[in-house]
Amino acid sequence: MAAKEAIIITDKDEMRKWTRSMRAQGYTIGFVPTMGYLHQGHLSLVQEAHNHADRIVVSIYVNPGQFSPNEDLSTYPCDLQGDIQKLKSLSGGVDVVFNPKNLYDYGNSQIGNGSESEGMEVSCVEDKGMGHETWVRVEKLEKGLCGNSRPVFFRGVATVVTKLFNIVEPDVVVLGKKDYQQWRIIQRMALSISRALSRTQVEAEKGQVNCRELINTAILTITEAGGTVDYAEIVEQESLEPVETIKRPVVFCVAVWFGKVRLIDNMEIDV
């Protein structure tokens, strides 16, 4: 059997369009974010993703936002073509390699993201007049451990992962635990909305039908994770009219900002 050829996508809009097309066909999307130069650990995560989703996306993006000004981003190892071949050799392969050129606002300047054909001159993207000012923070978890010696690292991780989630819109994300602090930060950020909705559903199933109290509980969960709620409403499933008390099937709809990235989700509650 011939090895599976992955689609290489560099454009954010094209990536989002592909995901939504797959989901419209009934497929679930698994996502493995990486900075490339893949090793066996990365490949094992991709194989695990196959156990949880129908279509697999792997991102390769060297994130300048997690490098301090005194760290030389240009020395980070890159082998895009080698990475693609490694992914191709896996059982099941991958469906998309997402290799964006730039995920930050640099004003009028541009830099590469670490592919073989582009340079990597800049480390911390808010320095050297590059213009990026908006960050996602998970303030409690980023303190201590690696945060002591690399104070901008986890801010950069949380920001770029939020951007990637907003672009790829995955159903399942598979992450390694080698950097345990990083894993916990991403988990806290990514699961904040899902956790808030799930907690609401559990409370409703236990008999809590006061919508305002359920919404307040969800908002607290989201804000503790560093998000800012755009809206959080419980509405009737068919009419989408807001309800004060759950007496019939409803849906809890939320939209949350992490920095400049807006995430939406919902959960149906049938009582």
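Me: In helix α1 (residues 12-24), about how many helical turns separate aspartate 13 from arginine 16?
Reply: First, a caveat: this is a predicted model, where local features need pLDDT of at least 70 and side-chain atom pairs count only at pLDDT 80 or more, while totals for chains, interfaces and linings use all residues. Helices here are DSSP runs of H or I with at least four residues, strands are runs of E with at least two, and both are numbered from the N terminus. An α-helix has 3.6 residues a turn, so residues three or four places apart point the same way. Aspartate 13 and arginine 16 are 3 residues apart in α1, so the gap is about one helical turn.

Me: And what is the closest N to O distance in the salt bridge of aspartate 13 with arginine 16?
Reply: Residues count from 1 along each chain as its sequence is written, and side-chain values use heavy atoms, with hydrogens and water left out. To make a salt bridge, a side-chain nitrogen of Lys or Arg has to be within 4 Å of a carboxyl oxygen of Asp or Glu. For aspartate 13 and arginine 16, the closest N and O atoms are apart by 3.6 Å.

Me: Is arginine 16 buried or exposed?
Reply: Buried means under 20% relative accessible area, exposed over 50%, and partly exposed in between (1.4 Å probe, protein chains only). Its partner aspartate 13 is at 53%, so that one is exposed. Arginine 16 has 18%, so it counts as buried.

Me: Which residue of helix α1 does glutamate 169 tie to, 149 residues apart in sequence?
Reply: Glutamate 169 has a salt bridge to an arginine, at 2.6 Å from N to O. Glutamate 169 sits in the loop between α5 (153-168) and β5 (172-173), and its partner is in α1, so parts 149 residues apart are tied together. Both ends are partly exposed, glutamate 169 at 22% and its partner at 45%. That partner is arginine 20.

Me: Which strands stand at the edges of the sheet, each with a single partner?
Reply: Two strands pair if DSSP finds at least two bridges between them. The open sheet has 5 strands in the order β1-β4-β3-β2-β5, paired in parallel. At one end, β1 has 3 bridges to β4 (residues 96-98), with isoleucine 8 facing valine 97 as its bridge partner. The strands left without a neighbour on one side are β1 and β5.

Me: Which element gives the largest share of the largest nonpolar core?
Reply: A nonpolar core is a set of buried Ala, Val, Leu, Ile, Met, Phe, Trp, Tyr and Cys residues joined through side-chain atoms within 4.5 Å. The largest one has 20 residues, and Ile193, Leu197 and Phe252 are among those with the most contacts inside it. Elements giving two or more residues are α6 (180-205), α7 (211-224), β6 (228-236), β7 (250-258) and β8 (261-269). The largest share, 5 residues, comes from α7.

Me: How wide an arc do the buried residues of α7 cover around the axis?
Reply: The buried residues of α7 are Cys211, Leu214, Ile215, Ala218, Thr221 and Ile222. They lie on the same side of α7. The arc is taken from the directions from the helix axis to the C-beta atoms. For these residues it is only 125°.
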